[in-house]
Amino acid sequence: MNAQVAEAVAPEKKEFWRWQENTWVDESKDWRDAKIVTCGIDVGSVSSQAVIVCDGELYGYNSMRTGNNSPDSAKNALQGVMDKCGMKLEDITYVVGTGYGRVNVPFAHKAITEIACHARGANYMGGNKVRTILDMGGQDCKAIHCDEKGKVTNFLMNDKCAAGTGRGMEVISDLMQIPIGELGPRSFDVREEPEAVSSVCVVFAKSEALALLKAGYTKNMVIAAYCQAMAERVVSLLERIGVEEGFFITGGIAKNPGVVKRIERLLGIQAIDTQIDSQIAGALGAALFGYTLMQKQGAAKAA
Amino acid sequence: MIANYGYKDGSGDYYISIDTDRCIDCAAGRACLTACPKEMFEIITDDYDDEVACIKQANRRSLAYDCADCKPSGGYASLPCTTACTPGALKHSW
């Protein structure tokens, strides 16, 4: 069978849902100068992050897709950032695990829920004015209130239904055959804003999207309708605990302006902007918890 | 802290809220643990090192069904858990 025939029989399947993995290290700093190096590992249902914090300041991180087991995902996430800065596990004073797989991080000294970690991470990323946090994760959605120190005062989580989660957006991305990073900008490229798809369920939203395409909607209109539905869904969740000024969004969907702008429009407030990757909030919070614990214990890395 | 355990699905909102500030020094002797016929409550040490009640993980996604027998249609005039919680830390959203 020649290559052309093989391609026709089994064409290569593009995975439009694949989001960008990335690793970053602050080149202006040297972790060897730090007294306390802590690490936060967030093993989520879709993505895993490892964040290194030096003396309470973000130093580096690695964000990648979660594999088929939590311990390996945690190891790979941490290895990615350690390789980039020449660090070894024994150079890290304290490791905190968080996320769904937090109890399966083999080298973690402590496990803390992702709710507390996201609040702490958002407090660092958005400053002490952050009061309401919306975390749009891969397979769940959380609404959190916190005080000026990033301590949780009220939370609500929905992990039973995939509506309003990153997975829902991945499904639409594959269905429309549009890279996931382009969905947000393309959702604004419509003559007039369509109504939200009526189904809150990801499975039925997919069926409805197909029906809309058959009815003559452009792909951009379908994406806009889905982004609007997702925004309405998470806003209804947020309204259960109320929204205070100092609104911050974490998780992968915070990178999708199509959803973020629509949430802002529905709530009538603007989300606080940050230059830090929104996906690392949980791991960053975990690393900061580790730093606080170390400070309390008075432990410092030997010079 | 108000901890909301439960979910929202196509049929409605099903959350049990626990006000942990009222729960920490429970004046009712943790009566929720025995009041719930389904034994859905447990005591945990939360992220801020406080000992508080929470809903067991196994029940968090099925509250509409697990609590159905304690609702008025099940013959109860008031919920056993909220009645037992004299500090008023417990609330049902539905």
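Me: Which residues of α4(A) meet which residues of α6(A)?

Reply: From α4(A) come Gly168(A), Val171(A), Ile172(A), Leu175(A) and Met176(A), and from α6(A) come Val202(A), Lys206(A), Ala209(A), Leu210(A) and Leu213(A). To meet is to be in contact, with heavy atoms within 4.5 Å. Helices (H or I, at least four residues) and strands (E, at least two) are DSSP runs, numbered from the N terminus.

The model is predicted: local features need pLDDT of at least 70, side-chain atom pairs count only at pLDDT 80 or more, and totals for chains, interfaces and linings use all residues, while side-chain values use heavy atoms, with hydrogens and water left out. Residues are numbered from 1 along each chain as its sequence is written, and chains are lettered from A and ligands numbered from 1 in the order in which they are written.

Me: Why is α4(A) called roughly parallel to α6(A)?

Reply: The axes of α4(A) (residues 166-176) and α6(A) (residues 202-214) come within 10 Å and cross at roughly 30°. That angle makes the two helices roughly parallel, because angles under 35 degrees count as such, over 145 as roughly antiparallel, 65 to 115 as roughly perpendicular and the rest as oblique. The axes are lines fitted to C-alpha atoms, for helices over the stretch in contact, and angles run from 0 to 180 degrees between N-to-C directions.

Me: Is the crossing of α4(A) and α6(A) left-handed or right-handed?

Reply: Right-handed. A crossing has this hand if the near helix is turned clockwise from the far one by less than a right angle, and is left-handed if anticlockwise.

Me: What makes α7(A) and α8(A) roughly parallel or oblique?

Reply: The axes of α7(A) and α8(A) (residues 257-267) come within 8 Å and cross at roughly 50°. The two helices are therefore oblique to each other. Their crossing is right-handed. Among the α7(A) residues that meet α8(A) are Ala224(A), Cys227(A), Ala231(A) and Leu238(A); the α8(A) residues include Gly258(A), Arg262(A) and Leu266(A).

Me: How do you know that Arg240(A) and Asp13(B) form a salt bridge?

Reply: Their closest N and O atoms are 3.1 Å apart. A salt bridge requires a side-chain nitrogen of Lys or Arg within 4 Å of a carboxyl oxygen of Asp or Glu, so the pair qualifies. The pair crosses between chains, from α7 (residues 219-241) of chain A to strand β2 (residues 12-19) of chain B.

Me: Why is Asp13(B) called buried or exposed?

Reply: Asp13(B) has 18% relative accessibility and counts as buried, because that term means under 20% relative accessible area, with exposed over 50% and partly exposed in between (1.4 Å probe, protein chains only). Arg240(A), at 35%, is partly exposed.

Me: Which other salt bridges does the search of the structure give, and how many are there over all chains?

Reply: The search finds 13 over all chains. One of them joins Arg32(A) to Asp30(A), with N and O 3.0 Å apart. Arg32(A), at 48%, is partly exposed, and so is Asp30(A), at 32%. Arg22(B) and Asp19(B) form another, at 3.6 Å from N to O. Here Arg22(B) is partly exposed at 45%, whereas Asp19(B) is buried at 17%. Salt bridges that share partners also join Asp135(A), Asp140(A) and Lys142(A) into one network.

Me: How do you know that the span of α9(A) agrees with the expected one?

Reply: The expected span is 1.5 Å times one less than the number of residues. For the 17 residues of α9(A) (residues 281-297) this gives 24 Å, and the end C-alpha atoms are 24 Å apart, which agrees.

Me: What makes α9(A) mostly covered?

Reply: Of its 17 residues, 12 are buried, including Ala281(A), Leu284(A), Phe289(A) and Met294(A). The buried residues pack against β2, β3, β4, β5, α3 and β10 of chain A. Just after the helix, Gly298(A) takes a positive phi of about 70°.

Me: Why is Asn123(A) called buried or exposed, and what does it touch?

Reply: Asn123(A), in α3 of chain A, has a relative accessible area of 15% and is therefore buried. Leaving out residues up to four places away in sequence, Asn123(A) touches Asn128(A), Asp147(A), Glu148(A), Lys149(A) and Gly150(A). Asn123(A) and Glu148(A) are 25 residues apart in sequence and 7.5 Å apart in space, C-alpha to C-alpha.
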